[in-house]
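Hello,

Here is the structure I said I would pass on to you. Have a look at it first, and then read on for my notes.

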Amino acid sequence: MDEEDEMETCQLLDLPWEDVLVPHVLCYLPLQHLVRLQRVSKQFHSLIQVYLANCRTFDPSSTGPVVTKEAFCSMLQANKVLHSLSLQKCSDWVTDKELMPVIGQNQHLQRVDMRGCVCLTRHSLVAVSLSCPHLRHLGLAHCEWVDHLSLRSLADHCGALQSVELTACRQLKDDAICYLARKCVKLKSLSLAVNANITDESVEEVAKNCRGLEELDLTGCLRVRNPSIRTLAEYCPKLQSLRVNHCHNVTESSLEPLRRRNVTIDVALPLQRALVLQDVLGFAPFINLQI
């Protein structure tokens, strides 16, 4: 009877924290609930701090619709073991002030997603490059504050990078991309989309230095032409995906060799495009199949 009474009075906090509560209970709670839960008592506060300090991944997309500055700072203030950091749910408000201390104390980061973080500056990217030598994946899409100097710092210190997303980083020109390609030869995935400054020079330098390239996004790079696509086909035998939509100077003459290798290309064959147009307009337009 005494044993039954003891079992009935067993409390949640009596369970092993690091073996049971942290890996099997707290990991399923939204971040907002964890922040509130630590206010219940000193014991709960200590438990949540143990959990937060040992998280290897910060991904707000799985913690609820809103991440406040308070929640961000509370979770990461004592964490020194992060491997993956995503800031997408914080992109509207996160600044260098909140981010740089987190970067400075997490030198094991392998993946950082800063896409759309409009309030950051080049100083955050420099901090990433200096503090994260093991970085493999970096998302910088729509970060128009990325400039040549900050990207150069990244290339100098993070040579093991495998994927970089630079979509709509409009300050960047050929010199910055060429420098990145020469330093980060392990790149497998690269996006240079929506940048009218990028020319054949960048594409050829990427092709010649990053022989293991598997994915390249050139969407909207209006100055890219056929010669660099041919160079890409020659030097990158592992290429699996190429995006050249709205690259009006890239034609089927350079894409056809890649299609023969079953590379996925986001532009339809001329005949296919004509058939689609015929279905839309209801008549057969003049088709120029000359390539």
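Below is what I found, going from the whole chain down to single residues.

Please keep in mind that this is a predicted model. The protein chain has 13 helices and nine strands. Of its 291 residues, 44% count as buried. Contacts that bridge a long stretch of sequence are well represented: among contacts with a separation of 6 or more, 72% are between residues 24 or more positions apart.

The sheet is a good place to start. Nine strands make up an open sheet with parallel pairing, and their order is E1-E2-E3-E4-E5-E6-E7-E8-E9. At the edges are E1 and strand E9 (264-265), each of which pairs on one side only. For one pairing inside the sheet, look at strand E6 (residues 189-191) and strand E7 (residues 215-217), which run parallel and are joined by three bridges. There, Leu-190 stands opposite Leu-216 in E7.

Next, the core. The largest nonpolar core contains 82 residues, and those with the most contacts inside it are Met-114, Leu-166, Leu-218 and Leu-242. If you click on Leu-242, you will find that it touches, among others, Leu-216, Leu-218, Ile-229, Leu-232 and Val-263. Its contacts also include Thr-264, Ile-265 and Asp-266.

Helix H7 (residues 122-131) is worth a look too. Its buried residues are Ser-124, Leu-125, Ala-127, Val-128, Ser-129 and Ser-131. What do the buried residues of H7 pack against? They pack against H6, E4 and H8. Two of the H7 residues, Val-128 and Ser-129, turn up again among the contacts of Cys-158, together with Cys-132, Leu-135 and Cys-184. Cys-158 belongs to the loop between H8 and E5, and it counts as buried because its relative accessibility is 0%. Cys-158 and Ser-129 are 29 residues apart along the chain, yet their C-alpha atoms are separated by 6.2 Å.

Now for the aromatic residues. The count of aromatic pairs comes to two. In one of them, Phe-58 and Phe-72 meet edge-to-face, 5.6 Å centre to centre and with 80° between the planes. This pair links distant parts of the chain, since Phe-58 is in strand E1 (residues 57-58) and Phe-72 is in helix H5 (residues 69-76), 14 residues apart. Both Phe-58 and Phe-72 are buried. In the other pair, the ring centres of Phe-72 and Trp-93 are 5.6 Å apart and the planes are at 85°, so this pair is edge-to-face. Phe-72 lies in helix H5 and Trp-93 in the loop between strand E2 (84-86) and helix H6 (96-104), so the pair ties together parts that are 21 residues apart in sequence. Both of these residues, Phe-72 and Trp-93, are buried. Phe-58, Phe-72 and Trp-93 form one aromatic cluster. Elsewhere, a charge meets a ring: the charged end of Arg-152 sits over the ring of Tyr-179, 4.0 Å from its centre.

Finally, two loops deserve your attention. Most residues other than glycine have a negative phi. Against that background, His-142 has a positive phi, near 65°, and Ala-168 has a positive phi of about 60°. His-142 is in the loop between strand E4 (137-139) and helix H8 (148-157), while Ala-168 is in the loop between strand E5 (163-165) and helix H9 (174-183). Are these two residues buried or exposed? His-142 counts as partly exposed because its relative accessibility is 48%, whereas Ala-168, at 0%, counts as buried.

Thr-167 is in the loop between E5 and H9 as well. At 10% relative accessibility it falls under the 20% cut-off, so Thr-167 counts as buried. Its side chain makes a polar contact of 2.6 Å with the side chain of Ser-191. Thr-167 also touches residues including Leu-140, Ala-141 and His-142, along with Ala-193 and Val-194. If you have time for one close-up, I would suggest this spot, where Thr-167 touches both His-142 and Ser-191.

Happy exploring, and do write back with any questions.

Best wishes

Notes. Residues are numbered from 1 along each chain as its sequence is written. This is a predicted model: local features need pLDDT of at least 70, side-chain atom pairs count only at pLDDT 80 or more; totals for chains, interfaces and linings use all residues. Side-chain values use heavy atoms; hydrogens and water are left out. Helices (H or I, at least four residues) and strands (E, at least two) are DSSP runs, numbered from the N terminus. Buried means under 20% relative accessible area, exposed over 50%, partly exposed in between (1.4 Å probe, protein chains only). Rings of Phe, Tyr and Trp (its six-membered ring) pair if their centres lie within 6.5 Å; planes under 30 degrees apart count as stacked, over 60 as edge-to-face and the rest as tilted. A charge sits over a ring if NZ of Lys or CZ of Arg is within 6 Å of the ring centre and within 35 degrees of the ring normal. Two strands pair if DSSP finds at least two bridges between them. A polar contact is a pair of N or O atoms within 3.5 Å; within protein, one must be able to donate a hydrogen and the other to accept it, and residues adjacent in sequence count only if both atoms are side-chain atoms. Contact means heavy atoms within 4.5 Å. A nonpolar core is a set of buried Ala, Val, Leu, Ile, Met, Phe, Trp, Tyr and Cys residues joined through side-chain atoms within 4.5 Å. Lists of a residue's contacts leave out its neighbours within four places in sequence.
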